[in-house]
Amino acid sequence: MTKEELKQLFKQKIIPHQRTPYHYQRIEAPQYEVSAYNPFCGDKYCIQISKDHQGYFQGIGCAISQASTSILLQRIEGMSGNEIVEYCQQFLQALAQDAPVPDEELTVLAALKHFDGRMDCITLPWKALEDYFRELAANE
């Protein structure tokens, strides 16, 4: 992917998630509530999963971390905690190994990892949910 192609895809796929993120709101009485925080850049989100397995979030962060959170929450709708762990692991592994990812939005996120300091922005919500549900399963 050329730098120009990446810029175009960033405008088409990432910026819309930053401007109008998916389920960007707090909900009453979530089943799960997860904090995602990057102390190096200040990105900080509260991710909530409702009883009917819908994801919501609120917080502050750069366009990439916000888009990554928005994209992730769209994809995990209806998943159980174990399925969320598996899905997050697959994406994080693909990022680490430069392996293909299943769709264009995730491909753009994966390509952005090559820019300085952006890997943490991309992986913040993925690692937070993976860690939270893995720990939850271990304590059951």
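**Exercise 1.** In this predicted model, determine which residue of strand 2 is the bridge partner of Tyr32.

*Solution.* Step 1. The bridge partner of Tyr32 in strand 2 is Ile49.
Step 2. This pair belongs to the contact between strand 1 and strand 2 (residues 44–49), which are joined by 6 bridges and run antiparallel.

**Exercise 2.** Establish in what order the 3 strands lie in the sheet, and explain why one side of strand 1 and of strand 3 is left without a neighbour.

*Solution.* Step 1. The strands form an open sheet with the order 1-2-3, and their pairing is antiparallel.
Step 2. Strand 1 (32–37) and strand 3 (55–60) stand at the edges; each has a single partner strand, so one side of each lacks a neighbour in the sheet.
Step 3. On average, and ignoring direction, neighbouring strands are turned by 15° against each other.

**Exercise 3.** Identify the strands touched by helix 2 and by helix 5 where these helices pack on the sheet.

*Solution.* Step 1. Helix 2 touches strand 2 and strand 3, and its direction makes about 170° with that of strand 3.
Step 2. Helix 5 touches strand 1 and strand 2, and its direction makes about 135° with that of strand 1.

**Exercise 4.** Describe how strand 2 and strand 3 are connected and paired.

*Solution.* Step 1. The two strands pair in the antiparallel sense over 6 bridges.
Step 2. Within strand 3, Gln58 is the bridge partner of Cys46.
Step 3. Strand 2 and strand 3 form a hairpin with 5 residues between them, and His53 in the turn has a positive phi of about 65°.

**Exercise 5.** Decide whether Ser70 is buried or exposed, and name residues that it touches.

*Solution.* Step 1. Ser70 is found in helix 2.
Step 2. Its relative accessible area is 0%; because this value is under the 20% cut-off, Ser70 counts as buried.
Step 3. Leaving aside residues up to four places away in sequence, Ser70 touches His17, Pro21, Tyr22 and Phe57.

**Exercise 6.** Check the span of helix 3 (residues 81–97) against the expected value, and state what covers its buried residues.

*Solution.* Step 1. At 1.5 Å a residue, the 17 residues of helix 3 should span 24 Å.
Step 2. The end C-alpha atoms are 24 Å apart, which agrees with the expectation.
Step 3. The buried residues of helix 3 include Ile84, Tyr87, Phe91 and Leu95.
Step 4. Their cover includes helix 2 (63–75), helix 4 (104–112) and helix 5 (118–138).
Step 5. Just after helix 3, Asp98 takes a positive phi of about 55°.

Definitions and conventions
Residues are numbered from 1 along each chain as its sequence is written. This is a predicted model: local features need pLDDT of at least 70, side-chain atom pairs count only at pLDDT 80 or more; totals for chains, interfaces and linings use all residues. Side-chain values use heavy atoms; hydrogens and water are left out. Helices (H or I, at least four residues) and strands (E, at least two) are DSSP runs, numbered from the N terminus. The expected span of a helix is 1.5 Å times one less than its number of residues. Buried means under 20% relative accessible area, exposed over 50%, partly exposed in between (1.4 Å probe, protein chains only). Contact means heavy atoms within 4.5 Å. Two strands pair if DSSP finds at least two bridges between them. Axes are lines fitted to C-alpha atoms, for helices over the stretch in contact, and angles run from 0 to 180 degrees between N-to-C directions.
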